[in-house]
Amino acid sequence: MSATAAAHARTDRLARIPEVDALRGFALLGILLVNALMMAGPYGPGGAVDPGASALDRTVEGIIQTFAVGKFYLMFSFLFGYSFTLQQDSAAREGASAVPRMLRRSLGLLVLGLLHAVLLYTGDILMTYALLGLILIAARTCSPGTALRAARIVYGCTSAFLLLLGLGSLFMSDAEAAGLNELPAEFAALVADYRGDPASVVRANLGQLPDALLAVPLMGGFVLTAFLAGLYCGKRRLLADTGRHAARMRRICVLGVAVGLPGSLFMALAAGGALGPRWFLFGSVVGMVTAPALTAAYVCGMLLFMKTAPGGRVALLLAPAGRMALTNYLSQSLVMALVFTAYGLALYDRLGAAVVALGALALYGAQLALSKHLMARHRYGPVEWLLRVVTLARLPRSRDERRNPVAS
């Protein structure tokens, strides 16, 4: 390798952390499985129980509810906070002010998220990232210790509020609780809209958007917690050399599984109706409160696994998808909208959870293959390139990209 090539390789390593890209690629799978069930019909995770579901479909829903719901959007949130520090470094290396760039990036995410919610999927997360990302901008100069303390405070306050809310539901009668868990009266109209024509799909999304926005404050506390935890780890550069922290990560794995898995199992049982209507809301809250523990176990477990020979091969498979995670996230919604709504096949509320999950796995496999192909030839995915243009307020120049590749 020439000296110039070696220098570029070292710069690439500083700017991109393969483990972070691989974690993003892994998170895409969990996000896809959850969103696929949500987009396939009204009986998604955390929704009403489908009385006509087969035993296989109920099992698949339970598995996804236990191991995926509420965990992978937190993983993305953690990586968003971590990458924020890398973007600060990128601006510093170019001698540019970081704040204008970050504000433009937030605006770009907000616009993408709004279009995503209106046209494709109301469960969008990008608008939440854009708005809560403003807090990261305000906290950009805080110390690592301050970021960690703030994360603990936000998590504690959010968890206490939700647990009190959930405990209140236990004092309801079964009839009252069952009424909360029933499908809305406009269910038939919703199904008709999603099966109707493209205009009715947009109308249905707009109709659900206010309810989706009301859910943002409930999940916003945990998103902000993950942001701040990622900010702490980014300021400490903990993912740049994970080998030094192996013992600590193993402890986090054990503790995370011990706390997070029982909470997730309880949530799945409550969501499936096995514990009775009164336990539905409380089970959901317990699942939300304990989800960060299992997410932390996933992150640390994957980082430890990627240090092994088989894990290294898995990381090479996942990293290209993670490098273009935003493109993949939006394209997942596009494909599912083409399958489930009147944009395409209009299969809304016509497929069981097992078939939907199998299709999601096939889509994920296709994304891994396509991402590998694209990332071997290009530095960015198409949406990443567009967002970078907005962030820089100019077209990226090739010499800039050689000197300062985009941060993870």
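## Reasoning from cut-offs

Tutor: Let us start with threonine 327, which is found in helix α14; helices are DSSP runs of H or I with at least four residues, numbered from the N terminus, while strands are E runs of at least two. This is a predicted model, in which local features need pLDDT of at least 70, side-chain atom pairs count only at pLDDT 80 or more, and totals for chains, interfaces and linings use all residues. Residues are numbered from 1 along each chain as its sequence is written, and side-chain values use heavy atoms, with hydrogens and water left out.

Student: Why is threonine 327 called buried?

Tutor: Buried means under 20% relative accessible area, exposed means over 50%, and partly exposed is in between (1.4 Å probe, protein chains only). Threonine 327 has a relative accessible area of 11%, so it is buried.

Student: What does threonine 327 touch?

Tutor: Leaving aside residues up to four places away in sequence, threonine 327 touches Gly381, Pro382, Val383 and Glu384, where contact means heavy atoms within 4.5 Å. Val383 and Glu384 are also among the buried residues of helix α16 (residues 382-392), including Leu387 and Arg388. Just after α16, alanine 393 takes a positive phi of about 60 degrees.

Student: What makes a positive phi worth pointing out?

Tutor: Most residues other than glycine have a negative phi. Arginine 237, in the loop between α10 (198-236) and α11 (246-271), has a positive phi near 55 degrees. Alanine 346 also has a positive phi, near 55 degrees, and lies in the loop between α14 (325-340) and α15 (353-375).

Student: Are these two loop residues buried or partly exposed?

Tutor: Arginine 237 is at 31% relative accessibility, so it counts as partly exposed. Alanine 346 has a relative accessible area of 10%, so it is buried.

Student: How do you know how many disulfides there are?

Tutor: A disulfide is a pair of cysteine sulfur atoms within 2.5 Å, and by this rule the count comes to zero. For cysteine 253, the nearest cysteine sulfur is that of cysteine 300, 5.2 Å away, and cysteine 253 is in no disulfide. Cysteine 300 is likewise in no disulfide, with the sulfur of cysteine 253 as its nearest, 5.2 Å away. With a relative accessible area of 16%, cysteine 253 is buried, and cysteine 300, at 8%, counts as buried too.

Student: What makes a group of residues a nonpolar core?

Tutor: The members are buried Ala, Val, Leu, Ile, Met, Phe, Trp, Tyr and Cys residues joined through side-chain atoms within 4.5 Å. The largest such core has 93 residues, and Ile64, Phe72 and Leu326 are among those with the most contacts inside it. Helix α2 (residues 18-40) gives the most to this core, with 14 residues.

Student: Which residues make the nonpolar surface patch?

Tutor: Leu103, Leu107, Leu110, Val111, Leu115, Leu119, Leu131 and Leu134 make this patch of about 680 Å². Patches take residues with over 30% relative accessible area and no salt bridge, joining like charges within 9 Å and nonpolar side chains (Val, Leu, Ile, Met, Phe, Trp, Tyr) within 5 Å. A salt bridge is a side-chain nitrogen of Lys or Arg within 4 Å of a carboxyl oxygen of Asp or Glu. Areas come from the Shrake-Rupley method with a 1.4 Å probe; for residues, only the protein chains shown count as cover.

Student: Why is leucine 103 called partly exposed?

Tutor: Leucine 103 has a relative accessible area of 42%, so it is partly exposed. Leucine 103 lies in helix α5, which gives the most to the patch, with six residues.
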